[in-house]
Amino acid sequence: MSQDQANIGPEGKNLNDSSSQDGKIDWKGYTIPKTSPQSSSDEEGEYSDPYQHDNQSDCNQDGSDQSADDFNKSQQEDDGSEEEGPTRFDPLSEKRSFKLDRSKEKYAQKYFNRHLTDEMIHLSILQSAPIPANSFLTPPKVDEYIEDLVNDNKAMRFLRMHDASLKHVQKRIAQCMGPMAKVWHELDSINTENPEQNQSSMDIFDVKELMEKCILMLGQANASCLYERRMNFLAKIMQSTKKAKSALKENEQEFKGGEQLFGKNFYSVLDRKAKSRKRAREMSWDMKGEPPAKRPFRPGPPGKPKANPRGSNQKGFRRSGPSDGRRGEKIGQSSLIRQIMSGVFNTRPPLPRYTETWDVDQVLKHIVSLGDNSSLTLKMLSLKLATLMALTSACRASEMCNLTLEFMQLTSQEARFTLTELTKTSKVKDVARVITFHSHDSDKLDVCACIVAYIEATKEIRQETSKLYISYVKPHKAIKACTLARWLRTMLTMSGINSSVFKAHSTRSASTSKANKFGLSVEQILSKANWKSASTFQRFYNKPIQTGDEFAKVVLTLQE
């Protein structure tokens, strides 16, 4: 078959012939009219736009009616060339300026500003034109080691929130591939060599509907971007993400397409609400017959503060008495304040964080199941060492992360660390605290052996830091207390402990409660945990250990 025969359409017309009768182009049996900026669609017999196209004459930036052809012709005359060459791509040409007509603009603007729910998009679009299952269309997840590199809980929460908003926009963009891929598949399956063998199930109206769905999905991606941009400003202005989301949801109709991100309508709504709240307060004062509440205490005397009398601890002005003229009465002894505090106590009585603690044996069994130190990865070795040291020393995470190799004495029987930095309970006259770890008969539970293995495993990747604990991901810097606490929570989760209830600090309660249960004296427990009084241990840390409900099992046992 020759090349000319391959370009013959189903009606015997040449597909490559762009100069058909009546100024029209034939594409696989469909007649497509030529369009130009000067042509009008009001003539009889020509193609009518389904969006009710309103043609407008193009004009230059200076307001003249010079057409693009006249503009190009004038450019040729300026160049001094009378010969007409082929049409070249010109980004400065007036032909490149294009606007949607009124009906198309109204359709696109509606979905470029209005947000649709995921359920609505799935039912109306993605159910008939699903997203391809290619992996590059799925937004990637944040790596686990990023949190270690950031090493700041507050900053990480902000980054996760910002990443979630960008991930939502990325998801909206990927959803555009649903209808677009379907159109692409149909067009790519066209057999240009033998058009008679094309057996597409779609007609031109199906393609038009899919293109409208593509425009809709692109509009949803744009609407998501607008939502996140407005959230960034409102969250800062209102000092609350929750209030910002509520304001955007309530005033969604006020954000119309325009050159401003918020517009005057939204400002008018905020101004109207502020005035209504102010007027409501004034009406409340009028109905009660009372002026606005004043400050409960009278201001101090004007002028400079008097010098403090000898033996007085007061600085500056003396505190004024209550507004009813009673002087010399302390605020805590006021009958009104005492009634309020009593009501607060009855409404929200103080409750301990934990009413019971977890079983240490459950975590130790999991550590034994991990195997020898030599077979563990650096991550698992770090988690194991942190857990064993927290249980055997009853230290806080802030104290453990300050342990250094410079002030370590390691022998075959014990490892001694001297804390050179201040701790939570440090006083002026306190001496440096020494934390001691003793070896154990079981190699898998030996803290000293685990310390030696950890130092050997991190010898090649250590930088200039002398801290014992370093991050197991690059750049392997010294960790902070929040990272060490996360290691402990991870080990508790792996051991089957509910880490949503029990945090990293619960290791002090679990280890000391087990020691007290097995008969260790209170003086030894206080010395190990660095507590000053037994009441601290008995009130906050000595908790019953979780066990199975044996009572229920015995009661529900059937006797034969």
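This text walks through the structure from its overall make-up to its cores, a surface patch and its cysteines.

The model is predicted. The protein has 560 residues, and 27% of them count as buried. Its secondary structure consists of 20 helices and five strands. Long-range contacts carry much of the count: among contacts with a separation of 6 or more, 61% link residues 24 or more positions apart. The exposed surface comes to about 40,100 Å². Carbon and sulfur atoms supply 52% of that area.

Now to the interior. In soluble globular proteins, nonpolar side chains tend to be buried together. Here the largest nonpolar core holds 48 residues. Which of them touch the most other members? They are Trp 358, Met 389, Phe 417, Ile 451, Tyr 469, Leu 484 and Trp 487. Several elements each supply at least two residues of this core. The helices are α12 (360-370), α13 (378-393), α14 (397-400), α15 (447-457) and α16 (481-494). The strands are β4 (414-418) and β5 (434-438). Helix α13 gives the largest share, nine residues.

Tyr 469 shows how this core is knitted together. Set aside its neighbours within four places in sequence, and Tyr 469 is in contact with Leu 385, Ala 386, Met 389, Met 400, Tyr 454, Ala 478, Ile 479, Leu 484 and Trp 487. Three of these partners, Met 389, Leu 484 and Trp 487, are also listed with Tyr 469 among the core residues that touch the most other members. Another core lies apart from this one. It has eight residues, including Leu 116, Ile 121, Cys 176 and Met 217.

Nonpolar side chains also appear on the outside. Ile 331, Ile 337, Ile 340, Met 341 and Val 344 form a nonpolar surface patch. Together they have about 450 Å² of accessible area. One of them, Ile 337, sits in helix α11, which spans residues 335-347. Is Ile 337 buried, partly exposed or exposed? Its relative accessibility is 33%, so Ile 337 counts as partly exposed.

The cysteines come last. A disulfide is a covalent bond between the sulfur atoms of two cysteines. How many disulfides does a search of the whole structure find? The search finds zero. Cys 482 illustrates this: the nearest cysteine sulfur belongs to Cys 401 and is 8.7 Å away. A disulfide needs the two sulfur atoms within 2.5 Å, and Cys 482 is in none. Cys 482 counts as partly exposed because its relative accessibility is 25%. Cys 395 has a relative accessibility of 3%, and therefore counts as buried.

Terms used. Residues are numbered from 1 along each chain as its sequence is written. This is a predicted model: local features need pLDDT of at least 70, side-chain atom pairs count only at pLDDT 80 or more; totals for chains, interfaces and linings use all residues. Side-chain values use heavy atoms; hydrogens and water are left out. Helices (H or I, at least four residues) and strands (E, at least two) are DSSP runs, numbered from the N terminus. Buried means under 20% relative accessible area, exposed over 50%, partly exposed in between (1.4 Å probe, protein chains only). Contact means heavy atoms within 4.5 Å. Accessible areas come from the Shrake-Rupley method with a 1.4 Å probe; for residues, only the protein chains shown count as cover. Patches are made of residues with over 30% relative accessible area and no salt bridge: like charges are joined within 9 Å, nonpolar side chains (Val, Leu, Ile, Met, Phe, Trp, Tyr) within 5 Å. A salt bridge is a side-chain nitrogen of Lys or Arg within 4 Å of a carboxyl oxygen of Asp or Glu. A nonpolar core is a set of buried Ala, Val, Leu, Ile, Met, Phe, Trp, Tyr and Cys residues joined through side-chain atoms within 4.5 Å.
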